[in-house]
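Me: Please take a close look at the salt bridges in this structure, and then at how they relate to the contact between the chains. A connected account would serve me better than a list.

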Amino acid sequence: MSVGAVGAVGRVGWQSAGVHAAVRWNPLLLGSALLAWWSADHGLTLSGSAVSAWADRKHGYTLTQSSPAARPIFSATGFGGAACLVHDGIDDCVYSLAATGWAPTGNTGMEMWGVGQQDAPIVSDTALRCFAALGNSAFNTDMRQRRREQSGANRYQATVGAGGSAGTGSVSGTNFSSRHAMRLRVEPTRFQMSLDGSALNTINNAKDITATQFGIGSWPNGTAQFWLGRVRHVILTDLLTTDQAAQLTTFLMQERYL
Amino acid sequence: MANLLVLFPESKLGSAQAYQALVNAYYAEHFEPGSEFTYLRLDYYGNWVCAYYGPPFVSALNTVLEETPDMVLARADGVLAERTVWPGDYDE
């Protein structure tokens, strides 16, 4: 079953062609700066309640999961009343091994944004868990947004490959449990990260990414670091202006449905 | 989808492959033609791991899965687990 606009009525994606119709800002209005946008309101292919494919809204870039046992579950209301994908933290993910051209490779700047819910308990779970990851599933040449246990706390961590090494950074002081809006901005010689619109935390690191695979809920190739929680939006963009970033932040903060 | 795993010792690859083949064939025949229900791969500890063909997993038709007698026999060398650790889960 293909789901074209699940739960979209009255929220995302209702831009009207009418001249005077109200249009809520959404990532499509970033224009050419938007590279891809996977929204739980659109583009899902379901098998029963399980997600076998997820197409982005900009180009139709499609992530798939061919193994029924590893498919996330679609929930029409599981994100504070909004739609989301529910990942079990065992093997659930959607991914593509043919993501060449979806995002810049090498040292060209880009950004990865998202809204999700992190459910891994801090007491009994110390696994790394990727929300989204782009690259070739090699630590030194891909980039990851993920959950990491650090000193007994859940933290939002990013890793960015630099070719022969990789940089890592975290947003300290914010508990990464529950629902959050995530931003990872990667420039040629540094990357910055933010949670829920917080000030950007900067890490100096030379980007060198081999962007051939993309995964949501795991490594880019769908084999490890499985997300435990929910996914509502994942967005890839070029480097955004301050105004564009502010608009996207506002949008994603609302999409947390807190 | 929340499901249990079956862990086979590394030396029991043949048993793991037999179980995987049975569940993949059965699921494809009864629920999704052409699908491959579960992968088979090594976990961090060296066990061969695939998904259990039974509750709490429900099929594409919202049917609770149930092993056939052949599957039960093929699973004799394995143990059920709620989770495992994959290579890479703790690295870096």
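Reply: What follows goes through the salt bridges within chain A, then the contact between the chains, and ends with a sheet in chain B.

The model is a predicted one. Over all chains, the count is 14 salt bridges. Side chains of opposite charge can pair when their charged atoms come close.

A useful place to start is A:Glu255, which takes part in two of the pairs described here. Its side chain meets that of A:Arg24 in a salt bridge, with N to O at 3.1 Å. A:Glu255 lies in the segment after helix H1 (242–254) of chain A, while A:Arg24 lies in the loop between strand S1 (2–3) and strand S2 (34–39) of chain A, so this salt bridge ties together parts that are 231 residues apart in sequence. The two partners differ in their surroundings: A:Glu255 counts as buried because its relative accessibility is 0%, under the 20% cut-off, whereas A:Arg24, at 22%, counts as partly exposed.

The side chain of A:Glu255 also meets that of A:Arg232 in a salt bridge, here with N to O at 2.6 Å. This pair, too, links distant parts of the chain: A:Arg232 sits in strand S18 (residues 228–237) of chain A and A:Glu255 in the segment after H1 of chain A, 23 residues apart. A:Arg232 has a relative accessible area of 0% and is therefore buried. A:Glu255, also at 0% relative accessibility, is buried as well.

Elsewhere in chain A, A:Glu187 and A:Arg190 form a salt bridge through their side chains, at 2.8 Å from N to O. A:Glu187 has a relative accessibility of 14%, so this residue counts as buried. A:Arg190 has a relative accessible area of 30% and is therefore partly exposed. The pair belongs to a network of salt bridges that links A:Glu111, A:Arg183, A:Arg185, A:Glu187 and A:Arg190.

Between chain A and chain B, the count is 2 salt bridges. One of the salt bridges joins A:Asp125 to B:Arg83, whose closest N and O atoms are 3.4 Å apart. Polar contacts between the two chains come to 11 residue pairs, with both residues at pLDDT 80 or more. On the side of chain A that touches chain B, strand S11 (residues 143–150) of chain A gives the most, with 3 residues. The residues of that side divide into 15 nonpolar, 10 polar and 9 charged.

As for extent, the contact takes 34 residues from chain A and 25 residues from chain B. Chain A and chain B bury about 2,100 Å² between them, and 48% of this area is on carbon and sulfur atoms. In chain A, the residues that lose the most area to chain B are A:Pro68, A:Ala69 and A:Ile90, which together account for 27% of what that side buries.

Chain B also holds an open sheet of 4 strands, in the order S2-S3-S1-S4 and with antiparallel pairing. Strand S2 (41–42) and strand S4 (79–81) of chain B are the edge strands, each pairing on one side only. S2(B) pairs with strand S3 (residues 48–51) of chain B in the antiparallel sense, over 2 bridges. Within this pairing, B:Leu42 has B:Trp48 in S3(B) as its bridge partner.

Notes: Residues are numbered from 1 along each chain as its sequence is written. Chains are lettered from A and ligands numbered from 1 in the order in which they are written. This is a predicted model: local features need pLDDT of at least 70, side-chain atom pairs count only at pLDDT 80 or more; totals for chains, interfaces and linings use all residues. Side-chain values use heavy atoms; hydrogens and water are left out. A salt bridge is a side-chain nitrogen of Lys or Arg within 4 Å of a carboxyl oxygen of Asp or Glu. Buried means under 20% relative accessible area, exposed over 50%, partly exposed in between (1.4 Å probe, protein chains only). Two strands pair if DSSP finds at least two bridges between them. Contact means heavy atoms within 4.5 Å. Buried area is the accessible area (1.4 Å probe) that two parts lose on being put together, summed over both. A polar contact is a pair of N or O atoms within 3.5 Å; within protein, one must be able to donate a hydrogen and the other to accept it, and residues adjacent in sequence count only if both atoms are side-chain atoms. Ala, Val, Leu, Ile, Met, Phe, Trp, Tyr, Cys and Pro count as nonpolar, Asp, Glu, Lys and Arg as charged, and the others, Gly among them, as polar.
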